Structures are given as C-alpha cells and as structure tokens.
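The notes below are meant for a colleague opening this entry without prior acquaintance. They go from the whole chain to single residues, and then to the relation between the copies.

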Protein chains: 2
Amino acid sequence: MSTPERLIESTRELLWERGYVGTSPKAIQQRAGAGQGSMYHHFSGKPDLALAAIRRTAEELRAAAEERFAAPGTAVERVTAYLRREREVLKGCPIGRLTQDPDVMADPVLRAPVDETFAWLRGRIADVLAEGRDRGELDAGLDPADTASTVVAVLQGGYVLARAAGSEEPFRRAVDGVLGLLAAHTTTGRRTD
Amino acid sequence: MSTPERLIESTRELLWERGYVGTSPKAIQQRAGAGQGSMYHHFSGKPDLALAAIRRTAEELRAAAEERFAAPGTAVERVTAYLRREREVLKGCPIGRLTQDPDVMADPVLRAPVDETFAWLRGRIADVLAEGRDRGELDAGLDPADTASTVVAVLQGGYVLARAAGSEEPFRRAVDGVLGLLAAHTTTGRRTD
DNA sequence: CCCAGTGTACATACCAGTAGGTACAACTGA
DNA sequence: TCAGTTGTACCTACTGGTATGTACACTGGG
C-alpha cells in the first residue's frame, strides 16, 4: 500500500476509535508508519486528511447499504436485511460518531459528507418503504419519510445504547422492537409469532 | 454560586459542547472564573471533576424523565409526552454523547453513570409499556423491553440525525415515525388519521 | 540534473498537573 | 488575651509532554 493510502486508512481507524479531536497527526503517522514530512507532503494538514478519510468511509457505508436495498424481496425484508446485517456494534457508526465532534461539525467541508450520507440513507429507505406501500405490502397510512427516519435513528441510537451498556444486547432489542412495530403495518395484519 | 459549584457547572457545559477529550482543565477554569490552584484544591483532577458533572447531569435527566412517566394518562400518552418534551435537539443528549468519548468509556468509574442512566431509562419505559399492556391499552404481542429500547434508540439516533442535518426536522420525523408505528399496536387498532 | 518523496530539526502553543506560596479565619495553650 | 498554629481557599510559576505545523536538507529513480 502506498504512503497516502496508509495515511488515509490510519486516519479512518483513528477517527472511528477516537474521533477527530482525539486524533493527533502524530498518532496517524505512527500507525501508518510514515514520517511527519511525508504526511505534510501528501496532505495539507489534519483537516485535509480527515476529509479524505471521511469521504471514503461514507462511500463504503453507502455501497454496503445500497447492496441490501437493491436486493430482491419485499420492502420490510430489505429493511430487515439492512438492520440485521453484520456490524461492529460496539465500535459504533464511523459516520454517526462524527456528529459528536465539535470541530467536524464546525467545518462545513468536513460536515458535508456526514450530512449527505444521512440524507441519502433516509431518502433511500423512504423510497424502499414507499415502493412497498405502492406494491400493497405496507399499510397506506404509514408515512415513508417519517418511518425511514425512525429506522435510521434506531440504528444510530442502538449503537449509543450498546456502547453505554458495553453489550450488543440493547442494539438487538432496539432493532427487534422497531421490526416488531413495523410488522403490524404490513398488509398481512398483526403478527402473533 | 460557590467556586466548586461554578466549576461543576462549567464542566457540565463543556462536556456537553465539546466532550471529555475536547475539554481542557484550563477551559473549565476560565469559564468558571476560577484559578488553576482553586480547581485542584476542590477536585483531584479532570476525571474527578467530570465525574461530579456527569453524575449531576444524569440525575437531572432521570428526574425530568420520571416527571413524564409518573404523570397520569395511558402508556402511549406518557411515552409520547416524554418523546415530545422540549429538548435542545441540536445540542444532542448530554449523556448519550459521552458514549462517543473513548476516555470516558475506558474508565469504569466515569462510564458507570452513563450505563446506569440508560439501563434505568429502558427499564422504566418497559415498565410503562408493560403496564399499558396489562391495562389492555396495548397489543399483548408487543414486547415491552424491546419496544422500550427502540424508543430510547429513536431519541438518541434522532439527535444524531438532527446534528448531521443541522436541523431539528429529522428528529421530529423519527419521533413521529415511531409514534405512528406504535399507534397500530394500541387496542383501538390501526389509525388512519 | 531534478524533483517527488521522505526524514530531521525547529517553533509555538496548549495539556494536565505539581510545587510552593499568600491571605485569612478558626482554634490552641499559656 | 493574644502570639502561635492549623486548615481552607486561592494564586502564580514551573514542568515534561503533546498538538500542529514550517523549514529545510537529503536521497534515489527517470
């Protein structure tokens, strides 16, 4: 792997583990096995490097999500597959955690990919739900946009609960809970299973 | 206000705004209008001060929540009142944000109040929902513990979405979404309003 | 040669805390 | 009663380390 590549990957890991304010250029260099001069040669500074790292992480997240949404199946099946896909729950969401970083949120350039990722995600899930509703799989009274926001929020909040508890259990429960609620809105009616 | 009091309040504000790693003793002192010696006289260091601040914040959060849960009304009404209560949405949850702070999560003493707060919250909401189910207000097939986790997750995730978007809208939508889903589980059946 | 890529030295500020000292009030014992 | 002691609250100065870069010298491949 090239030096810029190693620097970006190290930054991605550190942003995930420690956030932006908790990540120093020195720590990035050490993890990447690169010298200081090398880092400042390839990137103008910490924000520049962080931007590259954030963009790449956002891109990966989007691709992984789209994989589930584009799969065959009913709307609820696809949303379920997305919610239940394998995740490093205790590490949290690498994009969501950035919303707690004051320096990221204060910089419009760094913040943009975070904003765009969640906007896309909410919109994409809303589309899936609207499609399910139009196909007659889902209750017509259900608001796709609101429900999509709920689904994404359950995910992000599930990470918070799991980290607080030091266990994946609350995450699983939150996901099961919202899927249970959603089941009652399918046109097959309430489930008792 | 006494000096220790001012120090605790400043720490609470800074933990909320910038997190633990983003908050320096110096910043705390300046905001509190206290000198360095003064701070180290009253508190053994940054973790000690943070503990006092976190405990107080957790206590307040719990009291504010209990106020809604103990109010009269159906289970759904009380959960709705809790979810819709006035909040500083864009600032996020002062307790939830701590789960993204590596130094807080790494210290069992600092982490304990965070863990306990969410454990209590999930349990308390589960109790309210179980009560509603026993009273016949809610569908018997609904799992109170799972649904309670979902409710708390929607809240925490709603903050994340709102901060990412720079707008309260996604938070409101997520709350409306989960309440809409919950409505279908009331014994009056599905709503079409 | 030349220049992208890398290494080392230096610069300035901040972090988190320790050391040591001042002001003052309360308490002691002769 | 009153000099002396103790304890509380607070302050400034100092310390070793880190944060975030600049400046510049060097090296090897085209």
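**Notes on the predicted model**

1. The accessible surface of chain A comes to about 8000 Å², and carbon and sulfur atoms account for 48% of that area. Please keep in mind while reading that this is a predicted model, and that every value below is computed from it.

2. As regards secondary structure, chain A holds 9 helices and 0 strands, which gives the pattern α-α-α-α-α-α-α-α-α when the chain is read along its sequence. The C-alpha trace of chain A spans about 65 × 30 × 30 Å along its principal axes.

3. Of the 193 residues in chain A, 53% are buried. When contacts in chain A between residues at least 6 apart in sequence are considered, 67% of them join residues at least 24 apart.

4. The charged side chains of chain A comprise 26 positive and 28 negative ones, and the centres of these two sets lie 4 Å apart.

5. The largest nonpolar core has 97 residues, and those with the most contacts inside it are Phe118, Leu121 and Ile125, listed for chain A as well as for chain B. As background, nonpolar side chains in soluble globular proteins tend to be buried together.

6. Ile125(A), one of the core residues with the most contacts, deserves a separate look. Leaving aside residues up to four places away in sequence, Ile125(A) touches Phe69(A), Val79(A) and Tyr82(A), and also Ala148(A), Val151(A) and Val152(A).

7. A second residue to inspect is Ile54(B), which is placed in helix α4 of chain B, a helix made of residues 46-69. Is Ile54(B) buried or exposed? Its relative accessible area is 2%, and because buried means under 20%, Ile54(B) counts as buried.

8. The surroundings of Ile54(B) include Leu15(B), Ile95(B), Leu98(B), Leu110(B), Pro113(B) and Val114(B), each of which Ile54(B) touches when residues up to four places away in sequence are not counted. Ile54(B) and Pro94(B), although 40 residues apart in sequence, have their C-alpha atoms 8.6 Å apart in space.

9. How is chain B related to chain A? A turn of 180° with a shift of 0.0 Å along the axis lays chain B on chain A with an RMSD of 0.0 Å, and the two copies are therefore related as by a two-fold rotation axis. The same surface serves both copies, since 100% of the contact residues of chain B recur in chain A.

10. Within chain B, the residue that comes closest to the rotation axis is Gly157(B), whose C-alpha lies at 2.0 Å from that axis.

Key: Residues numbered from 1 in each chain as written. Chains lettered and ligands numbered in written order. Predicted model: local features only at pLDDT ≥ 70, side-chain atom pairs only at ≥ 80, totals over all residues. Heavy atoms only, no water. Helix = DSSP H or I, 4+ residues; strand = E, 2+ residues; numbered from the N terminus. Buried < 20%, exposed > 50% of the residue type's maximum accessible area, 1.4 Å probe, protein only. Contact = heavy atoms within 4.5 Å. Areas by Shrake-Rupley, 256 points an atom, 1.4 Å probe, with all protein chains shown as cover. Lys, Arg positive; Asp, Glu negative; His and termini not counted. Charge placed at Lys NZ, Arg CZ, Asp CG, Glu CD. Core = buried A, V, L, I, M, F, W, Y, C linked by side-chain atoms within 4.5 Å. Least-squares fit on C-alpha atoms with pLDDT ≥ 70 in both.
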